[in-house]
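Open the model in your viewer and keep the selection box handy. We'll go stop by stop, with something to pick at each one.

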Amino acid sequence: MKKNIVVTGGTGRFGNHLKSISTKHKLFFPTKNQFNILNFNSMLKYFNKTKPDIVIHLAGFSRPMELHEKDINKSINLNIIGTANVTMACSQKNIKLIYFSTNYVYPGINGNYNEDDPLKPFNNYAWSKLGGECSVKLYKNSLILRVCMTEKPFIHKKAFANVKTSFMYHDEVAKILFKLLNKQGIINIGGKAQYIYNFAKKENKKVKKIYQNKNMKIKVPFDSTINIKKLQKIVKVKF
Ligand SMILES: NC(=O)c1ccc[n+]([C@@H]2O[C@H](COP(=O)([O-])OP(=O)(O)OC[C@H]3O[C@@H](n4cnc5c(N)ncnc54)[C@H](OP(=O)(O)O)[C@@H]3O)[C@@H](O)[C@H]2O)c1
């Protein structure tokens, strides 16, 4: 059935990929002025106008990740309070809420994390995303996606050959998303578990190998791979 879908943060990196997907659904991509997650009335006004069945909530603060250590107000406001506001607005209007969280909520040590595993966010960014999850989880008509995605082509000239993750490119996540609209609960989204260098090399033969030094302050978790069995039961993910 054709649905009205409001995408928050639709002007961001991933939102721009959603714009190019052809779908039977009617998608709305409000600007921050039309739909501000820190302004409850602006959200209700936009909902009254567009009558959405579903909200895909992307808006927030993601990068640069280091900034979440320095400007905690921005992290708390946009990712925790902003997401709580979106949840309350959806709950008030009985709108299905789909929230983009991250695989960084898992400890990032042994990998292959599934949706029921214990959580230990890797950094402040991940804590703020988990803070967002907490409010979304209170609302039953919701879906939390723990996403491991990156831009295509791979944006860095160098890639870690001793760090594993489950990257999937944005455009693939965008396609999969529309097959999950009627799901609830928590679902991991990502691709094959592999070293970042091996992933990047497939699209960019020139990418250089580097190694994350265990004795320095680590920038990314050594193994943030996720178990995608739950996703595979719904959509066949090709490697
Ligand atoms: N990128 C990844 O690899 C990745 C991986 C896993 C999960 N995620 C999650 O996926 C989501 C989308 O990521 P992204 O990389 O596309 O993010 P992004 O490029 O940083 O986009 C963030 C969006 O939020 C909007 N925004 C900021 N403050 C707002 C406010 N007060 N009210 C309404 N909108 C506001 C921004 O609008 P302005 O530009 O106008 O400020 C922008 O459109 C995020 O929640 C992120 O945590 C991303």
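**Start at Tyr104**

Select Tyr104: this residue is buried, with a relative accessible area of 13%. Here buried means under 20% relative accessible area, exposed means over 50%, and partly exposed is in between, using a 1.4 Å probe and protein chains only. Before moving on, know that this is a predicted model, where local features need pLDDT of at least 70 and side-chain atom pairs count only at pLDDT 80 or more, while totals for chains, interfaces and linings use all residues. Residues are numbered from 1 along each chain as its sequence is written, and side-chain values use heavy atoms, with hydrogens and water left out.

Now add Phe122, which counts as partly exposed at 22% relative accessibility.

**Aromatic pairs**

How many aromatic pairs does a search of the whole structure find? The search turns up seven. Rings of Phe, Tyr and Trp (its six-membered ring) pair if their centres lie within 6.5 Å; planes under 30 degrees apart count as stacked, over 60 as edge-to-face and the rest as tilted.

Pick Phe14 and Phe100. Their ring centres are 5.0 Å apart and the planes sit at 35°, so this pair is tilted. Colour by secondary structure and you'll see Phe14 in helix H1 (residues 13–19) and Phe100 in strand S4 (residues 96–102), so the pair ties together parts that are 86 residues apart in sequence. Helices (H or I, at least four residues) and strands (E, at least two) are DSSP runs, numbered from the N terminus. Phe14 and Phe100 are both buried.

Go back to Tyr104 and Phe122. Their ring centres are 5.7 Å apart with the planes at 70°, so this one is edge-to-face. Both Tyr104 and Phe122 lie in the loop between S4 and helix H5 (124–138), so the pair ties together parts that are 18 residues apart in sequence.

Next, select Phe35, Tyr46 and Phe47 together: they form one aromatic cluster.

**Lysines over rings**

Show Lys19 with Phe29. Lys19 lies over the face of Phe29, at 5.3 Å from the ring centre. A charge sits over a ring if NZ of Lys or CZ of Arg is within 6 Å of the ring centre and within 35 degrees of the ring normal. Then try Lys74, which lies over the face of Phe61 at 4.5 Å from the ring centre.

**Salt bridges**

A salt bridge here is a side-chain nitrogen of Lys or Arg within 4 Å of a carboxyl oxygen of Asp or Glu. By that rule there are four salt bridges.

Select Glu151 and Arg13, whose side chains meet in a salt bridge (3.7 Å, N to O). Glu151 is in the loop between strand S6 (149–150) and strand S7 (158–160), and Arg13 is in helix H1, so the pair ties together parts that are 138 residues apart in sequence. Is Glu151 buried or exposed? Glu151 is buried, with a relative accessible area of 12%, while Arg13 is partly exposed at 42%.

Keep Glu151 on screen and add Arg63, which forms a salt bridge with Glu151, the closest N and O atoms being 3.5 Å apart. Arg63 sits in the loop between strand S3 (54–57) and helix H3 (67–70), 88 residues from Glu151.

Move to Lys152 and Asp171, another salt bridge (3.9 Å, N to O). Lys152 lies in the loop between S6 and S7 and Asp171 in helix H6 (residues 170–177), so the pair ties together parts that are 19 residues apart in sequence. To see the network, reselect Arg13, Arg63 and Glu151: salt bridges that share partners join them into one.

**The sheet**

Switch to cartoon view. Six strands form an open, parallel sheet in the order S2-S1-S3-S4-S5-S10; two strands pair if DSSP finds at least two bridges between them. Strand S2 (26–28) and strand S10 (185–189) stand at the edges with a single partner strand each, so one side of each is left without a neighbour in the sheet. From one strand to the next, the twist averages 20°. Axes are lines fitted to C-alpha atoms, for helices over the stretch in contact, and angles run from 0 to 180 degrees between N-to-C directions.

Zoom in on strand S1 (residues 4–8), which pairs with S2 in the parallel sense over three bridges. Asn4 has Lys26 as its bridge partner in S2. Then bring up helix H2 (residues 40–50), which packs on the sheet and touches S1, S2 and S3; contact means heavy atoms within 4.5 Å. The direction of H2 makes about 155° with that of S1. Last stop: helix H4 (residues 72–93) lies across S3 and S4, running at about 160° to S4.
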